6 protein chains.
Amino acid sequence: MTAPDSPTALDLPPVDPLPPETQKYFDLCEEKLGLVPNVLRAYAFDIAKLDAFTALYNDLMLAPSGLSKLEREMIAVAVSSLNRCYYCQVAHGAAVRELSGNPMLGEQLVMNWRIAEFTARQRAMLDFAAKMTEASHRVEEADRDALRAHGFSDRDIWDIAAVAGFFNMTNRIASATDMRPNDEYHARAR
Amino acid sequence: MTAPDSPTALDLPPVDPLPPETQKYFDLCEEKLGLVPNVLRAYAFDIAKLDAFTALYNDLMLAPSGLSKLEREMIAVAVSSLNRCYYCQVAHGAAVRELSGNPMLGEQLVMNWRIAEFTARQRAMLDFAAKMTEASHRVEEADRDALRAHGFSDRDIWDIAAVAGFFNMTNRIASATDMRPNDEYHARAR
Amino acid sequence: MTAPDSPTALDLPPVDPLPPETQKYFDLCEEKLGLVPNVLRAYAFDIAKLDAFTALYNDLMLAPSGLSKLEREMIAVAVSSLNRCYYCQVAHGAAVRELSGNPMLGEQLVMNWRIAEFTARQRAMLDFAAKMTEASHRVEEADRDALRAHGFSDRDIWDIAAVAGFFNMTNRIASATDMRPNDEYHARAR
Amino acid sequence: MTAPDSPTALDLPPVDPLPPETQKYFDLCEEKLGLVPNVLRAYAFDIAKLDAFTALYNDLMLAPSGLSKLEREMIAVAVSSLNRCYYCQVAHGAAVRELSGNPMLGEQLVMNWRIAEFTARQRAMLDFAAKMTEASHRVEEADRDALRAHGFSDRDIWDIAAVAGFFNMTNRIASATDMRPNDEYHARAR
Amino acid sequence: MTAPDSPTALDLPPVDPLPPETQKYFDLCEEKLGLVPNVLRAYAFDIAKLDAFTALYNDLMLAPSGLSKLEREMIAVAVSSLNRCYYCQVAHGAAVRELSGNPMLGEQLVMNWRIAEFTARQRAMLDFAAKMTEASHRVEEADRDALRAHGFSDRDIWDIAAVAGFFNMTNRIASATDMRPNDEYHARAR
Amino acid sequence: MTAPDSPTALDLPPVDPLPPETQKYFDLCEEKLGLVPNVLRAYAFDIAKLDAFTALYNDLMLAPSGLSKLEREMIAVAVSSLNRCYYCQVAHGAAVRELSGNPMLGEQLVMNWRIAEFTARQRAMLDFAAKMTEASHRVEEADRDALRAHGFSDRDIWDIAAVAGFFNMTNRIASATDMRPNDEYHARAR
């Protein structure tokens, strides 16, 4: 049986005590975000796995890129909506609301991203991410050229693919383990 | 325009020269596998991304787990077949043939994993990975309990979810960038 | 070209002035809800259509029934989520938050109703509504018997079917005309 | 247990006796159509519901519109075919045969509306109705513009959306309750 | 350009004159059925192909089998309905009406075979044919055992598979070439 | 219970002894192919069925046509991949490898035919075969015109349709009976 505050349906309690580096990182999250995201608590049963996940996540979402942080979060929510991942829609929906200052944009990406008012460039970016999510085997050169026609470089295309790919991973891990988002996300930036 | 031997359709040449650590890792691949997998060459335009990918991959596929290496490769091929990812079916199909010593098993996982002769435990594992791939939002406690009934621990369930999730990421990145597998895989372990 | 505050993408301005009965009804909405729902404004180009829609809506959602008002709103959001109707998810998501006093329930029904914590009876009700939405031609006596086994009467089954059917209509009309919900819904009952 | 001649699988006998207004309406149906449509008998357990349904139906299918009555029936059959609703294909297939004087047109709309010989305008109308039925969340301004290019006014677009939406409701209510059409429809206008 | 009475959209006129054996067969059709089925006229551009098709068809539909001729026609219509093949629904729908003496049964198989009143044995037969049509790769031993449990022999299972397979072929050839059924079928056995 | 070397899951032993003509044909297979294809052994429980199948197969795959034998095998593998038929992917994948002298082409057609390097003409041919396989009811004149634009004659279009249709039949019969390919195919032409 899982602990009452387990972040998933699996009985995988965190390493106790956490290694100092991990504890420091969690404290930093608490300080900056006001919470330790449950996904990190879920991975904390195995610090090597936690570190690998965190390194990949931080590179994708925070490292320099031709895509803004908001654009990466927009991909996160659109992909998570197509996969109907509760955790990621909640957590990254909040991020879109915060980064955009537009609460409705977060809702639109969750509910039906096609009806949001984007630039043509952003729409092309989300069309590509959606095709990758729904039928990646049908992606062809014409799809990459459509991105290039909106000014995306090949490096940008990689980043779109990498972010959209990443959420197709985490959406599935979250749903497969019934991972639950921190309650605090719900009311943020409404 | 991409270089003639570019591993993807994107014009993202590797860092040149590679950092010594990376070069050493590639040399090790060459020595152990007889090739540097094209996926590593594809990521080599950005060493931070390459390292993050490699760390995650090695933890998932090689670290200790209740799943054997062959079982993890079986998940890889079944998921990649559902997503029709050419790169991953070729590379991991070869791995299944090699690890199992059963060339037909590799083909069956590529062509229609349901008709392969598995243990009931392995079948349950692949059923779960397939549901995660095709409709992760429909995974419920009953699905996890079906795994537990076959003797999988909660830690094993995490590993199944993590491996199946991972290939749902890489399948999409590979297809989105038209990543091509090394030719050498095709004839191996036939 | 549509007026700036047109509730849909169609150029169908309301009858002007509204008939006294209609104006009175809109005033009542304003008083009770703090807004005139855009769907009513959308229909106001033809008072016979508005009245027919309103009569059906009020009977379904407000008349006595074995289903509580909250349960009817839960069906509304689950169906609208499956159809990805922006208008109805926003408006009825707000209603679920208000009637339940549980902001997370509204989000869960929008994002993936299967992961919400319902009674078994409510889950059966939503399973039926979902099957009607996704594959109504596959509904058979066994599906109705599943509802009866949870204590629903034949009259209750009719009401579930009628409410789920209704939102399959309005979801489509709203999406087909790009109907937009009143901004006020977004922040309510968070 | 339902009565032998119950129009649905639900045990919901009609109000007995029917109110004079309802009886008069049923008598008029008998006189004009040679039968009381089973859908009206099905709703007769609750006269408020029957009246709301009838008012909406008559407005949509019989009130003045830029769409002819035959065109509205064509939408009815095409939508009902996509939803595989037995009741509505039978009843409205008969209406198409009668109104068009073309028995084959009724069959074609039931079997595969794409192969019928329509005017380009009618084909565009049915393409829109089909998209609304199968993937309403993907309808965008380009779809409405395609209708406008064939001479449909914004009011006509509303009417197409309203009729297609309506049958997406009734198809589901009919299938959910196993509503059966009057036998008399089968042989009509062959 | 195809001839005005071409049975398909392809310009493939019949061998002229037909070989005596073929002419004799067509005369026999005319005499027994009152028409030469358009599918035979469509194949008559190449007598070897016509003969191969006819031999297979006659063996499947007319040779001794544990399935009655009506049961084989029921499979034909259910499969053709799932594939929405106009030619085969018209021609074999007429055959079901004639062989069963039940005009409604033909309609039900065209519109939604699940709502027809079958014996449990016939329902199992059609469930198997439908699964073969929609997702043949998911057929497993349990599906064959379900047929055996209803008294079907392994030879009967072969015949169900062969008939359902055959119509999955002809449905596609007919749709791919826009093959049109003889007008005479429409009014028969109503 | 089926015999240990039964080519399917059905207990349908071959006629014993085989008629001289059949035995001669099987001997010829053994001599030319090094094996008697299991599909022929599967049909040998009824010589009339075997002969009808063989006649159709040989006409489609071996008779003169505007499509080369390799092109017909390419259609066979692409269709069989879409239907995930193990038998046909194995047997016809080997044929593509042999006829093309390109082992990778066989793999590509099995794994995701869209990423293989075809001529535009071959790609159009496979696009048509795939549409026939996945949604034959949506094939329209524009699809046939796309083939004509690549130089296919109406007779060629018939042949594409007939080959694609045929494998939609055999794929389903093979999967429905769990037909297994001869082991020898796996290692051929790698």
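Analyst: A residue is called buried when its relative accessible area is under 20%, exposed when it is over 50%, and partly exposed in between (1.4 Å probe, protein chains only). The structure is a predicted model, in which local features need pLDDT of at least 70 and side-chain atom pairs count only at pLDDT 80 or more, while totals for chains, interfaces and linings use all residues. Side-chain values use heavy atoms, without hydrogens and water; residues are numbered from 1 along each chain as its sequence is written, with chains lettered from A and ligands numbered from 1 in the order in which they are written.

User: Why is R138(D) called partly exposed?

Analyst: R138(D) has a relative accessible area of 31%. This lies between the limits for buried and exposed, so the term is partly exposed.

User: What makes E134(A) and R138(D) a salt bridge?

Analyst: A salt bridge is a side-chain nitrogen of Lys or Arg within 4 Å of a carboxyl oxygen of Asp or Glu. The closest N and O atoms of E134(A) and R138(D) are 3.1 Å apart, so the pair qualifies. This pair crosses between chains, from helix α7 (residues 120-135) of chain A to the loop between α7 (120-135) and α8 (141-149) of chain D. Helices here are DSSP runs (H or I, at least four residues), numbered from the N terminus. E134(A), at 45%, is partly exposed. Over all chains, the structure holds 96 salt bridges.

User: Why does the pair K131(B) and D143(B) count as a salt bridge, and which parts of the chain does the pair link?

Analyst: The closest N and O atoms are 3.0 Å apart, which meets the salt-bridge limit. K131(B) is in helix α7 (residues 120-135) and D143(B) in helix α8 (residues 141-149) of chain B, twelve residues apart, so the pair links distant parts of the chain. K131(B) is partly exposed, at 29%.

User: How do you know that E140(B) and R123(C) join two chains?

Analyst: E140(B) lies in the loop between α7 and α8 of chain B, whereas R123(C) lies in helix α7 (residues 120-135) of chain C, so their salt bridge joins two chains. The N to O distance is 2.7 Å. E140(B) is partly exposed, with 26% relative accessibility.

User: Why is the pair F53(D) and Y57(D) called stacked?

Analyst: Rings of Phe, Tyr and Trp (its six-membered ring) pair if their centres lie within 6.5 Å; planes under 30 degrees apart count as stacked, over 60 as edge-to-face and the rest as tilted. A search of the whole structure finds 42 aromatic pairs over all chains. The rings of F53(D) and Y57(D) are 6.2 Å apart, centre to centre, with 20° between the planes, so the pair is stacked. The two residues are four apart in helix α3 (residues 47-62) of chain D, which means a separation of about one helical turn. F53(D) is buried at 6%, whereas Y57(D) is partly exposed at 23%.

User: What makes the pair Y43(E) and W158(F) edge-to-face?

Analyst: Their planes are 85° apart and their centres 4.9 Å apart, so the pair meets the limits for edge-to-face. The pair runs from helix α2 (residues 38-43) of chain E to helix α9 (residues 154-177) of chain F.

User: Why are Y43(E) and W158(F) called buried?

Analyst: Y43(E) has a relative accessible area of 6%, and W158(F) has 0%. Each value falls under the limit for buried, so the term applies.
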